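Visitor: Hi! I have this one open on my screen and would like to talk it through with you. Could we start with how the chains meet?

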Amino acid sequence: MSNELNTMPWIVWVILIPLIGAMLCFMWPRRGKLLGMITTLITGFTAFMLYLQLLDHGVIRYALGGWGAPLGIDLYADGLSVLMLLMTALVGLGVSLYGVGYFKQDGENPAGFWPLWLLMWAGLNGLFLAGDVFNLYVTLELLGLSAVALVALAGSKEALSAAMRYLLVSLLGSLCYLLGVVLLYHAYGTVDIQLLGALVNSNPATYGALGLMVTAMMLKSALFPLHFWLPPAHASAPAPISALLSALVVKASFYLLLRLWFDVFPAVTTVDIGLVLGTLGAAAILWGSIQALRQTRLKLLVAYSTVAQLGYLFLPFALLSPIAWQGGVYLMLSHALAKAAMFMAAGNILKYGGHDRIADLDRVAQRLPITMTAFCLAGVSLMGLPPSGGFIAKWLLLEAALTHNQWVWAAVMIIGGLLAAGYVFKVVGYAFTKADSPHDARPVPLTMEWAALGLAAGAIILGLNAHYPLALLDIGKPFAGMSP
Amino acid sequence: MTLSVLYALAGVGLFVLALHGLIVHAHLLRKVLALNIMGSGVFLIMVALARRATEAPDPVPHAMVITGIVVAVSATALALVLLLRLKEVTGRTELDEDQTPS
Amino acid sequence: MSAWLPLLVLASSLLPGLIIFFLKEEQSRTRIFLNIAGAVVKLGLVGLMVWGVYHGQTYEARLPLLPGLELALQADALALLFVVLSSLLWLVTTVYAIGYLENSPYRSRFFGFFSLCVTATVGVALSDNLITFLLFYELLTLSTYPLIVHRGTDTARKAARVYLVYTLVGGALLLLGTVWLYTLADTLSFTPRGILSGLDAQYHGALAVIFVLLIAGFGVKAAIIPLHGWLPRAMVAPAPVSALLHAVAVVKAGAFGIVRVVHDVYGVEFASSLGLLMPLALLAAATIIYGSVRAVYQDDLKRRLAYSTISQVSYIVLGTAIAGPIAAIGGIIHLVHQGLMKITLFFCAGNLAETLGVHKISEMDGIGRRMPWTMAAFTLGAFGMIGVPPLAGFISKWYLGVGALEAGQGWVIWVLIGSSLLNAAYFLPILYAAWFKEPASAWPDEHVFSGKETAWALLLPPVITALLSLAVGLLANATFSPLQWAVFIASLEFMP
């Protein structure tokens with residue numbers, strides 16, 4: 001990469017650009033779509049540049065304003081952060097394209113969407129690059145508040161209630177997290193992640209902080225049994241926002257947990273805590289999948305599917321092999337693409353027929369073929385069937401479990417995959433049949449259909465050569481804190 | 001028992017009492033207030049524990065508290081707006097327990 | 001060139017399929033052209049590949065998947081046998097399907113998935129390791145689902161759901177077995193004599209469990225009891241789908257998988273030493289008898305043929321499980337023979353349903369006079385199934401019997417005799433009724449085709465496949481017959 005490009009602080013731009021874009025969209029709501037798309041493209045470009053810079057340099061640390069830790073704000077980029085950034089950029093591109101088509105229709109308010117979505121993106125990028133735990137709190141709040149506002153955009157009774165519940169839960173989580181930060185600062189005198197990692201040892205304050213922070217992240221990542229707020233929020237939001245929530249927002253808190261687990265608390269985490277998290281993850285897989293099977297409405301089915309898939313992310317805490325983490329991250333990545341595609345497809349179906357009752361899908365396979373293909377491809381990844389990113393993730397997780405003879409976890413994964421097939425094909429089956437009461441169809445803009453298909457194809461392509469993402473993940477050795 | 005420890009304990013007490021209030025009360029305004037008090041509790045703990053080995057108080061937690069207050073204010077504003085809209089649309093100020101739309 | 005040819009073979013059905021999805025219903029000329037062209041091109045490419053391999057050329061295509069794992073295609077003798085069978089039968093079935101589905105709704109969708117299905121089958125055939133096999137095997141499940149649910153009725157949806165439950169559970173077991181095997185053996189490549197003989201004895205228990213998982217996973221598609229439940233219910237699909245599923249794609253892929261596991265993953269000797277082959281042989285024998293017995297009691301023609309398939313495919317499994325070279329030949333060659341004979345029978349059943357509305361055997365009195373060519377083909381196929389020389393079925397059963405004796409498993413002869421008698425019991429009455437009884441006054445739903453008994457596209461395929469099944473039997477000793485090919489394949493596994 002040429003020298004000038006290499007020395008630019010991409011790490012800062014990738015947070016600033018969406019922030020500026022959000023302001024601009026707020027000031028000129030009429031130009032929202034144009035400004036939004038431009039910001040999306042530029043942010044994606046910056047993320048890619050940061051990726052190239054990472055490949056050149058290795059791990060990047062940047063002191064904002066020139067003041068370093070422990071008092072200043074440090075930004076830190078390793079393989080895992082950049083992977084999350086790229087994932088966000090890909091999903092963001094799809095969602096922006098989808099949003100252009102979605103908010104063209106009457107009755108949908110575009111004025112709120114673009115500024116809030118770009119603010120959320122700034123929050124996400126900031127979170128992935130934060131180098132200290134307090135900064136993580138700030139970005140977490142930014143993310144949470146913009147997410148709540150986006151859920152409430154739909155304006156319906158369900159959306160407002162879901163948004164309120166989401167807000168209360170989110171604030172509760174953030175406060176617990178903040179209390180943890182306070183305890184850590186009191187014990188060690190710093191909030192910087194790297195420094196904390198070196199200093200942390202066993203004492204009551206640390207355990208208190210660990211407990212509070214893990215609980216907070218469980219709440220925000222909707223880990224069973226703290227998942228109750230997710231299905232109503234994700235189901236009643238407008239489709240592109242459901243996509244963002246399921247694909248990105250819940251992953252952010254999971255990322256935070258990973259950072260804490262490996263970089264701040266490695267000295268005090270025990271196998272037992274990991275076992276508890278893994279067990280809750282297994283419960284989430286089974287409970288979420290069974291609930292998904294029982295749903296009669298499409299968006300709720302997809303939302304419960306998110307609860308189930310998030311459970312998979314917590315399994316590596318209980319698995320002994322380091323390959324498990326590769327599997328977990330790969331699942332996060334493929335799920336982001338696949339779930340966003342699936343929500344977009346559900347949104348298309350909702351727009352087309354005016355309802356999303358699964359039993360009345362009325363030959364959608366024939367009438368919305370692009371959307372159904374997107375739904376099916378996304379489903380393939382969710383089920384963990386080859387070729388797809390979901391399959392690679394499942395393979396890695398199974399390999400990790402079977403290498404150490406952890407049968408129960410392997411069985412849970414297999415059953416989870418079969419249950420996922422159950423609820424995916426429930427929808428696909430009805431997509432071929434005729435409904436009892438056919439209704440008028442409203443046209444769906446092609447951008448919406450192709451955005452869904454693009455993301456779903458991405459989930460499949462992730463399954464064809466896993467070397468690149470896995471190599472990226474390795475930069476900076478984010479999982480080195482784990483004993484092999 | 002030094003003064004700072006007393007303040008910290010008061011902060012913890014606020015946090016726990018408000019948590020109880022958040023869970024128990026059904027009226028949304030009370031829940032929002034409870035969250036605010038929880039926040040105040042955390043801030044109190046933060047400031048109380050800010051006294052480190054040195055004589056003068058540590059400015060870093062103070063900076064964190066200020067940031068926290070800003071965040072709390074925006075969050076409360078959002079919560080109140082949502083509350084008002086919810087009252088407008090549904091006429092109620094409580095969330096149903098089983099709010100999952102079937 | 002050596003890497004391209006396998007990929008081109010796959011592409012020759014994938015690309016037309018993808019294009020066909022985008023065609024409008026009315027563009028039938030384009031669709032027919034793409035279908036036939038794709039099939040012909042595929043057959044040509046496969047022929048090229050066979051010629052190349054015969055002259056010592058190797059074909060391989062690889063794509064890395066994960067560190068230590070890759071997707072790999074290759075063309076060894078067994079692969080080529082299956083690929084040639086699939087391509088040939090696909091061409092014939094395509095012609096038949098075009099005729100059968102004339103003026104039906106949603107043809108573009110149908111032929112698109114049809115092509116995907118064949119692509120998956122060819123992928124299964126050309127796989128070089130267990131993970132590639134798994135990938136195409138699951139793709140086969142996914143691409144056959146829309147074909148079963150095609151008509152969009154509630155019955156179709158429920159039958160397709162049953163199909164999925166069976167095949168996806170099978171796939172899950174397969175995945176579990178494969179990953180586990182990988183953690184133990186560190187490789188999944190197909191190698192004659194197997195990849196596991198070097199493993200320590202402490203793993204033998206695990207290997208036995210893995211074997212059960214793999215066989216169960218493949219056994220679902222191969223319709224071994226008790227995993228066969230989906231097959232009769234899948235008869236709700238249109239006849240070309242039944243023909244394809246039962247002769248070419250799904251059941252053969254399952255049986256092929258079992259052959260691969262026993263020969264090229266475990267190795268016959270090693271599997272035998274672990275005591276795994278005897279239970280498999282017993283299960284196969286039980287399936288053979290069970291399928292035949294159930295067939296006798298069916299009145300619906302397609303269901304009778306379905307149970308016959310359940311029975312006949314287990315000959316392949318039986319031949320593989322009897323650890324001897326001649327029995328292996330019998331099993332492998334039955335892949336080809338059963339394919340030819342069964343597809344003939346299904347084509348004929350489809351003709352009867354389409355032309356005359358006849359679905360039940362009780363309605364078939366005197367049908368031989370109305371549709372002589374169809375029934376002649378049916379007769380050839382039926383006699384082949386029973387095992388009348390010199391038809392193809394006789395050759396397979398002969399080799400199985402001789403092989404069983406040579407391997408010291410004499411009891412198999414009784415199974416063969418018993419099942420042949422049962423075959424006669426459920427085929428001969430049909431033939432008798434068709435040729436020698438008086439027809440009912442009117443056929444249930446007659447369509448008249450000027451001058452001929454039915455459309456050309458429906459008539460030619462069964463006649464061709466029936467003649468082929470006769471030819472492979474008569475010419476079994478010729479140098480290039482499928483039988484000699486099977487002999488060659490078995491020699492790779494058994495001779496040092």
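Visitor: How much area do chain A and chain C bury between them?

Guide: Happy to help! Keep in mind that this is a predicted model. Chain A and chain C bury about 3100 Å² between them, and 81% of that is on carbon and sulfur atoms.

Visitor: And how many residues does the contact take from each of those chains?

Guide: Chain A puts in 34 residues and chain C puts in 33 residues.

Visitor: How many salt bridges are counted between chain A and chain C, then?

Guide: The count there is 0 salt bridges. The rule does find 3 residue pairs in polar contact across the interface of chain A and chain C, with both residues at pLDDT 80 or more.

Visitor: Which elements of chain A give two or more residues to the side that touches chain C?

Guide: They are helix H15 (364-367), helix H17 (389-403), helix H18 (407-432) and helix H20 (467-474) of chain A. H18(A) gives the most to that side, with 10 residues.

Visitor: How do the residues on that side of chain A divide by type?

Guide: The side of chain A that touches chain C has 23 nonpolar, 7 polar and 4 charged residues.

Visitor: Okay, let's move to the other partner. How much do chain A and chain B bury between them?

Guide: Chain A and chain B bury about 3300 Å² between them, with 84% of it on carbon and sulfur atoms. This contact takes 34 residues from chain A and 38 residues from chain B.

Visitor: What does the rule find there for salt bridges and polar contacts?

Guide: Across the interface of chain A and chain B, the rule finds 0 salt bridges. For residue pairs in polar contact, both at pLDDT 80 or more, the result is also 0.

Visitor: Which helices of chain A each supply at least two residues to the side that touches chain B?

Guide: Those are helix H6 (133-152), helix H7 (157-188) and helix H13 (298-314) of chain A. H7(A) gives the most to that side, with 18 residues. By type, the side of chain A that touches chain B divides into 25 nonpolar, 4 polar and 5 charged residues.

Visitor: New topic: the surface. Which residues form the nonpolar patch?

Guide: Two chains contribute here. The patch is formed by A:Leu446, A:Trp450, C:Leu14, C:Leu15, C:Leu18, C:Phe21 and C:Phe22, with about 700 Å² of accessible area together. Helix H19 (446-461) of chain A and helix H1 (4-21) of chain C are the elements that give two or more residues to the patch.

Visitor: Which element gives the most to it?

Guide: That would be H1(C), with 4 residues. C:Phe21 lies in this helix, H1 of chain C.

Visitor: Let's turn to the backbone. Where is A:Pro225 found, and what is the peptide bond leading to it?

Guide: A:Pro225 is in the loop between helix H9 (204-220) and helix H10 (230-236) of chain A. The peptide bond from A:Phe224 to A:Pro225 is cis, with omega near 0°.

Visitor: What about the bond that joins A:Pro386 and A:Pro387?

Guide: That peptide bond is cis, and its omega is about -15°. A:Pro387 is found in the loop between helix H16 (369-383) and H17 of chain A.

Visitor: Last one: what is the phi of C:Asp186?

Guide: C:Asp186 has a positive phi of about 70°, although it is not a glycine. You can find C:Asp186 in the loop between helix H6 (154-185) and helix H7 (204-221) of chain C.

Notes:
Residues are numbered from 1 along each chain as its sequence is written. Chains are lettered from A and ligands numbered from 1 in the order in which they are written. This is a predicted model: local features need pLDDT of at least 70, side-chain atom pairs count only at pLDDT 80 or more; totals for chains, interfaces and linings use all residues. Side-chain values use heavy atoms; hydrogens and water are left out. Contact means heavy atoms within 4.5 Å. Buried area is the accessible area (1.4 Å probe) that two parts lose on being put together, summed over both. A salt bridge is a side-chain nitrogen of Lys or Arg within 4 Å of a carboxyl oxygen of Asp or Glu. A polar contact is a pair of N or O atoms within 3.5 Å; within protein, one must be able to donate a hydrogen and the other to accept it, and residues adjacent in sequence count only if both atoms are side-chain atoms. Ala, Val, Leu, Ile, Met, Phe, Trp, Tyr, Cys and Pro count as nonpolar, Asp, Glu, Lys and Arg as charged, and the others, Gly among them, as polar. Patches are made of residues with over 30% relative accessible area and no salt bridge: like charges are joined within 9 Å, nonpolar side chains (Val, Leu, Ile, Met, Phe, Trp, Tyr) within 5 Å. Accessible areas come from the Shrake-Rupley method with a 1.4 Å probe; for residues, only the protein chains shown count as cover.
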